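Trainee: Got a minute to go through this one with me? I'd like to start with the cysteines.

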Amino acid sequence: MSDDPYTIQEGGTREPPTTLRGRLRNLGPGIVVSGSIVGSGEILLTAGLGAAAGFVLLWWVLFSCWVKSLVQAELARYVVTSGDTYQRALNRMPGKLPGPHGPIAWPIWLGLVGFVPGLITAGGIIGGAGQALGLLLPVDGAQATIIAAIVVMLILWTGAYARLEKVMLVLVMSFTLATIVSATLMQGTEFRATGADILSGLTFDFPLEHAVLAIAMYGATGVASSEIAGYTYWCVEKGYPNFIGGDPNEPGWVQRAKGWIRVVQTDVWVTLAILTCATLAFYALGAGVLHRLGVQPSGTETITVLASMYTETMGPWSFWLFSFGAFCILFSTVLSGIGAGSRSFPDLLVTFGFIPRSNLALRQRWIRGYIIAMPIISCSIYVVHPEPIGLVIFGATFGAFMLPVQSFLTLYLQRTRMDARVRPANWVTGAVVVIFLVQAALSAFIIRNLFA
């Protein structure tokens with residue numbers, strides 16, 4: 001039995017659904033993470049990359065979408081069957097460094113270093129949401145950002161997963177659908193994507209003048225490292241580890257584990273389908289409209305410039321639709337990002353030994369404290385530096401370095417600590433190995449270019 005009441009409590013087992021319809025009815029964590037996935041990376045960086053490079057990096061956008069979801073699913077496989085949290089799993093990695101209450105694995109220290117870039121990214125995202133809200137209300141961008149921060153606190157204060165899940169579902173799906181419609185309507189305008197445009201984007205060309213933005217987009221688009229980590233906590237909050245149970249020797253444990261793993265996998269692939277459609281739509285609009293207009297979103301005019309993707313395809317009236325949709329999607333990113341961070345940070349304190357693992361009430365108090373503090377800090381960062389895309393680029397670039405760490409973590413834990421009866425097939429492990437090697441090579445490329 002797991003000794004962490006946050007992940008598994010006695011008597012909570014539940015039989016898994018046996019049909020696709022049943023699995024679909026038990027989805028949820030992917031929708032919450034979609035609020036972060038289909039968000040700043042798409043509306044700010046993917047559209048911005050399309051505006052800068054045109055269609056030539058279409059292949060890179062597809063790669064950024066597809067290369068990380070398998071790691072997301074396989075790390076979640078470990079978490080839901082082991083009862084470990086993400087931070088506890090990281091601390092099982094070999095290679096310890098001194099900590100305040102004992103040795104701590106090096107990936108945790110690396111993630112702690114990345115906390116500052118994460119805050120800066122959050123400032124850019126909440127600032128973008130504030131800009132969009134400022135177009136809808138008779139207030140300026142800074143005031144609107146403060147309003148957005150207050151609303152985030154109110155929604156997350158209860159810590160109720162079910163409420164967050166419903167909010168995310170509405171926000172993500174509404175704007176994703178509107179963006180896909182806009183990209184479809186673009187084909188009936190002078191900005192349409194031709195066959196030659198599409199082919200030019202599948203030639204694996206990589207213009208180095210767009211490398212910074214492209215690498216940041218890779219770090220933020222699709223399932224970024226923060227979403228891979230956050231997804232494990234939403235799986236816990238949904239109850240999957242509890243449904244499986246913490247005793248692998250208990251009769252029926254293997255069948256329950258395999259059944260709930262299938263639910264997690266379905267959840268991940270549904271999320272991947274959503275984010276692929278949304279990402280391609282944003283990139284097509286950026287490359288088809290903004291690139292041909294010769295405009296780049298930046299500074300306090302970021303959302304206003306991005307709105308032309310809608311107004312040029314659906315008409316002037318859609319400026320208000322885009323403004324509302326941009327607020328929804330960026331606001332949902334703030335919700336899911338701070339919501340996940342409020343779970344991860346107390347777990348970090350548990351791992352460092354500042355909070356007893358068994359003290360669930362104290363963990364809940366830290367969750368609420370984080371929910372109050374982070375919107376205030378993020379809002380302050382944007383007010384000091386009102387450049388949403390620049391802030392997101394900074395944090396997303398660092399996030400790219402955590403991706404190979406998470407891939408290696410997944411491989412290590414599945415090989416050394418996972419019950420052999422619920423390990424993935426050999427081809428899945430082989431695919432994760434390939435993903436790790438590709439991500440490690442990309443990290444080396446980033447380092448070489450940063451310090452060249």
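Mentor: Sure. Bear in mind that this is a predicted model. On the cysteines, the count of disulfides comes to zero.

Trainee: What about Cys65, how far away is the nearest cysteine sulfur?

Mentor: The nearest one belongs to Cys277 and is 9.6 Å away, and Cys65 is in no disulfide. A pair has to be within 2.5 Å to count.

Trainee: Remind me, what is a disulfide chemically?

Mentor: A covalent bond between the sulfur atoms of two cysteines.

Trainee: Okay. Is Cys65 buried or exposed?

Mentor: Cys65 is buried, at a relative accessible area of 0%. Cys379 is buried too, with 7%.

Trainee: And which residues of the helix around Cys65, α4, are buried?

Mentor: Leu58, Trp59, Trp60, Val61, Leu62, Ser64 and Cys65. That makes seven of the nine residues in α4, which runs over residues 58-66, so the rest of the structure largely encloses this helix.

Trainee: Let's zoom out. How many helices and strands does the chain have?

Mentor: The chain has 20 helices and two strands.

Trainee: How does its radius of gyration sit against a compact globule?

Mentor: It agrees: a compact globule of 452 residues would have a radius of gyration near 22 Å, and the chain has 21 Å. The C-alpha trace spans about 65 × 50 × 45 Å along its principal axes.

Trainee: What share of the residues is buried?

Mentor: Buried residues come to 60% of the 452 in the chain. As for the surface, about 17,400 Å² is exposed, and carbon and sulfur atoms supply 66% of that.

Trainee: How many positive and negative side chains are there?

Mentor: There are 27 positive and 23 negative ones, and the centres of the two sets lie 10 Å apart.

Trainee: And the contacts, what share joins residues at least 24 apart?

Mentor: 83%, counting contacts between residues at least 6 apart in sequence.

Trainee: Give me an example. What does Tyr382 touch?

Mentor: Leaving out residues up to four places away in sequence, Tyr382 touches Gly123, Gly127, Gln131, Thr145, Glu387, Pro388 and Leu391. Tyr382 sits in helix α18, residues 360-384, and is buried, with a relative accessible area of 4%.

Trainee: Let's look at Gly127 from that list. Where does Gly127 lie?

Mentor: In helix α8, residues 115-136. Gly127 is buried, with 0% relative accessibility. Beyond residues up to four places away, Gly127 touches Thr145 and Tyr382.

Trainee: How far is Gly127 from Phe401 in space?

Mentor: 25 Å, C-alpha to C-alpha, with their positions 274 residues apart in sequence. For Tyr382 and Ala287, which are 95 residues apart along the chain, the C-alpha separation is 27 Å.

Trainee: Switching to Ser323, which residues is it in contact with?

Mentor: Ala132, Leu135 and Leu136, once neighbours within four places in sequence are set aside. Ser323 is in helix α17, residues 318-352, and counts as buried at 0% relative accessibility.

Trainee: Those contact residues made me think of helix geometry. Why do residues three or four places apart in an α-helix point the same way?

Mentor: Because an α-helix has 3.6 residues a turn.

Trainee: Now the loops. What is the phi of Phe204?

Mentor: Phe204 has a positive phi of about 60°, although it is not a glycine. Phe204 lies in the loop between α11 (195-200) and α12 (211-220), and is exposed, with a relative accessible area of 62%.

Trainee: And Thr221, buried or exposed?

Mentor: Thr221 counts as buried, at 0% relative accessibility. Thr221 is in the loop between α12 and α13 (225-238). The C-alpha atoms of Thr221 and Ile389 are 13 Å apart in space, with the two residues 168 apart in sequence.

Trainee: Last one. Where does Asp419 lie?

Mentor: In the loop between α19 (388-416) and α20 (426-450). Asp419 counts as partly exposed at 23% relative accessibility, as the buried class stops under 20%.

Trainee: What is Asp419 in contact with, then?

Mentor: Pro248 and Trp253, apart from its neighbours within four places in sequence. Asp419 and Thr7 are 412 residues apart along the chain, and their C-alpha atoms are separated by 18 Å.

How values were computed:
Residues are numbered from 1 along each chain as its sequence is written. This is a predicted model: local features need pLDDT of at least 70, side-chain atom pairs count only at pLDDT 80 or more; totals for chains, interfaces and linings use all residues. Side-chain values use heavy atoms; hydrogens and water are left out. Buried means under 20% relative accessible area, exposed over 50%, partly exposed in between (1.4 Å probe, protein chains only). Helices (H or I, at least four residues) and strands (E, at least two) are DSSP runs, numbered from the N terminus. The radius of gyration is taken over C-alpha atoms; the globule rule is 2.2 Å times the number of residues to the power 0.38. Contact means heavy atoms within 4.5 Å. Accessible areas come from the Shrake-Rupley method with a 1.4 Å probe; for residues, only the protein chains shown count as cover. Lys and Arg count as positive and Asp and Glu as negative; His and the chain ends are not counted. The place of a charge is taken as NZ of Lys, CZ of Arg, CG of Asp or CD of Glu.
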